[in-house]
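Subject: Structure handover and what turned up in it

Hi there,

Here is the structure I promised to pass on. Please have it open in your viewer while you read, as the notes below go through it piece by piece.

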Amino acid sequence: MKKLIYLLLISMASCEPSTVGNTAGVDVEAVLDERAREIVEKAQEFLNQEPTPITMFVSDRSEGGIHDFYSEGDYWWMNPDDPEGPYIRKDGLSNPNNFLEHRIAMRNLNEWVSTLVAAYKITGEEKYADHALTHLTAFFINKETLMNPSLLYAQAIKGRHTGRGIGIIDTIHLIEVAKSIMNLRQLEYLTLEEYDGFKNWFDQYATWMNTHQYGLDEKDHGNNHSTWWAAQMAAFSALAEREDLRKVSREQFMKLISAQMADDGSFPDELSRTKPYNYSLFNLEGYAVLCELASDQGDLWNYEGEHGSVKKAFDYMLPYIEDKSRWTFPPDVSHFDEIPIRSVGLLLAGLAYEDQSILAIWKSLDPEKKSEEVKRNFPLWYPHNWI
């Protein structure tokens, strides 16, 4: 029955003009169609993948329990002059000896669920939605395997912190998961009872983000961390149906765009890092998510802060996205050759502004994420889940 409803919706939609491919110039629908077969093939492979919730992985360095997400600060390393002492910071250089299993589990959940739900939208075949639900249930519902809806032990640093507010950036990989859950409900696949279970988890987590000191620290951190805090709040409040928290994400947008952006459209805090190119793109991607999910009829895309709108920020980076050799700042200390990619955020901006230059550049880029580092910094997977 669900499949019949889905196919009926598709049939009805085909009788009306498309809202995606009508922008003169780049045929976005054609580009998406080119990837459809690849997505379905990946989803077919993922049907054999068993869930890997965080409870399968334990670190003896964590102060939390088996259901508590744990990660360690990326750029913190053993001090060679004091091997048993507190770690020291090396900006831009990720420590390969960190405990990564919970982060990888969350990134895998994101990729698997996003792929499976996109394949369900493309084909209408319930086997993909069924397996996505298996993963989602293990991560958020099953009492034996669920993750607690809080982040008390994220981005810990040996000898310094058992957890930190900036660890909240780890859950950016739940943004498209939340969107996928909403898609399953909109396609009438999830029952109301099933949906309420996920709604409750994200309600608890969004509330924790906006009340616990770690969450408040991240909210006001200042750079891309605050952008992605607000983007997460926009996504999770949408699923939780918390209009009060969606309002918080809108207010943060208005505050951040003035505080972060310079008159030329750049983000000085990101340009000062050892990976200025990556972090500039990363921050833009967060703003795209925020504009898409927290806008009232698209208003945030054109909201004018003290130094201009998000459009100015995209215009600043577009020449460097189109031709990275134009980049006038130092190259990133790592993974510089793996970006830019054909990101969802860039597409959302092109569609929002009906800007053919943005769409043409988006189309020209490779969508492949060539490393775990790129997967970590670009958490959105498929336009099919967003359009």
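Contact here means heavy atoms within 4.5 Å. One caution before the details: this is a predicted model.

With that cut-off in hand, let me start with α13. What covers its buried residues includes α2, α11, α12 and α14. The helix is mostly covered, with 8 of its 10 residues buried. Those buried positions are V344, G345, L346, L347, L348, A349, G350 and Y353.

Both sides of α13 have a backbone feature to look at. In the loop between α12 and α13 (344–353) sits P340, and a cis peptide bond joins I339 to P340, with omega at about 10°. Just after α13 comes E354, with a positive phi of about 50°, although E354 is not a glycine. E354 belongs to the loop between α13 and α14 (356–364). Its relative accessible area is 62%, so E354 is exposed.

There is another backbone oddity of this kind at E188. Phi of E188 is near 60°, a positive value in a residue other than glycine. You will find E188 in the loop between α5 (175–186) and α6 (192–209). E188 has 46% relative accessibility and therefore counts as partly exposed.

Next, the helix pairs. Two packed helices are described by the angle between their axes and the distance between the axes.

- α2 and α3: the axes of helix α2 (residues 28–46) and helix α3 (residues 101–123) cross at roughly 120° and come within 8 Å. That angle makes α2 oblique to α3. From α2, the contact uses A36, I39, V40, K42, A43 and F46, while α3 brings E111, W112, T115, L116, A118, A119, I122 and T123. The crossing of α2 and α3 is left-handed.
- α12 and α14: here the axes cross at roughly 40° and come within 11 Å. α12 and α14 are therefore oblique to each other. K311, L318, I321 and E322 of α12 meet S357, I358 and I361 of α14. α12 passes α14 in a left-handed crossing.

What should the 18 residues of helix α9 span at 1.5 Å a residue? The expected figure for α9 (residues 243–260) is 26 Å, and the end C-alpha atoms are 25 Å apart, which agrees. The buried residues of α9 are L245, R246, V248, S249, R250, Q252, F253, L256, I257, S258 and Q260. They pack against α6, α7 (213–219), α8 (224–240), α10 (268–271), α11 and α12.

Two of those α9 residues, R246 and R250, lead on to S295: leaving aside neighbours within four places in sequence, S295 is in contact with R246, R250, L290, L300 and W301. S295 is placed in the loop between α11 (276–294) and α12 (310–322). Is S295 buried or exposed? With a relative accessibility of 12%, S295 counts as buried; the cut-off for buried is under 20% relative accessible area. The side chain of S295 also has two backbone partners to inspect. A polar atom of that side chain lies 2.5 Å from the backbone oxygen of C291, and the side chain of S295 reaches the backbone nitrogen of L300 at 3.1 Å.

Two further buried residues round off the tour. W76 lies in strand β2 (residues 76–77) and is buried, with a relative accessible area of 15%. Which residues is W76 in contact with, leaving aside its neighbours within four places in sequence? They are Y87, I88, R89, N95, N98, I157, R160 and R164. The C-alpha atoms of W76 and S94 are separated by 7.4 Å, and these two residues are 18 residues apart along the chain.

The other one is T55, in the loop between α2 and β1 (70–72). T55 counts as buried at 12% relative accessibility. Leaving aside neighbours within four places in sequence, T55 is in contact with I66, H67, E144, T145 and L146.

Happy to talk any of this through whenever suits you.

Best wishes

Key. Residues numbered from 1 in each chain as written. Predicted model: local features only at pLDDT ≥ 70, side-chain atom pairs only at ≥ 80, totals over all residues. Heavy atoms only, no water. Helix = DSSP H or I, 4+ residues; strand = E, 2+ residues; numbered from the N terminus. Buried < 20%, exposed > 50% of the residue type's maximum accessible area, 1.4 Å probe, protein only. Polar contact = N/O pair within 3.5 Å; in protein donor to acceptor, adjacent residues only side chain to side chain. Expected span 1.5 Å × (residues − 1). Axes fitted to C-alpha atoms, helices over the stretch in contact; angles between N-to-C directions. Parallel < 35°, antiparallel > 145°, perpendicular 65-115°, else oblique. Left-handed = near helix turned anticlockwise from the far one by under 90°.
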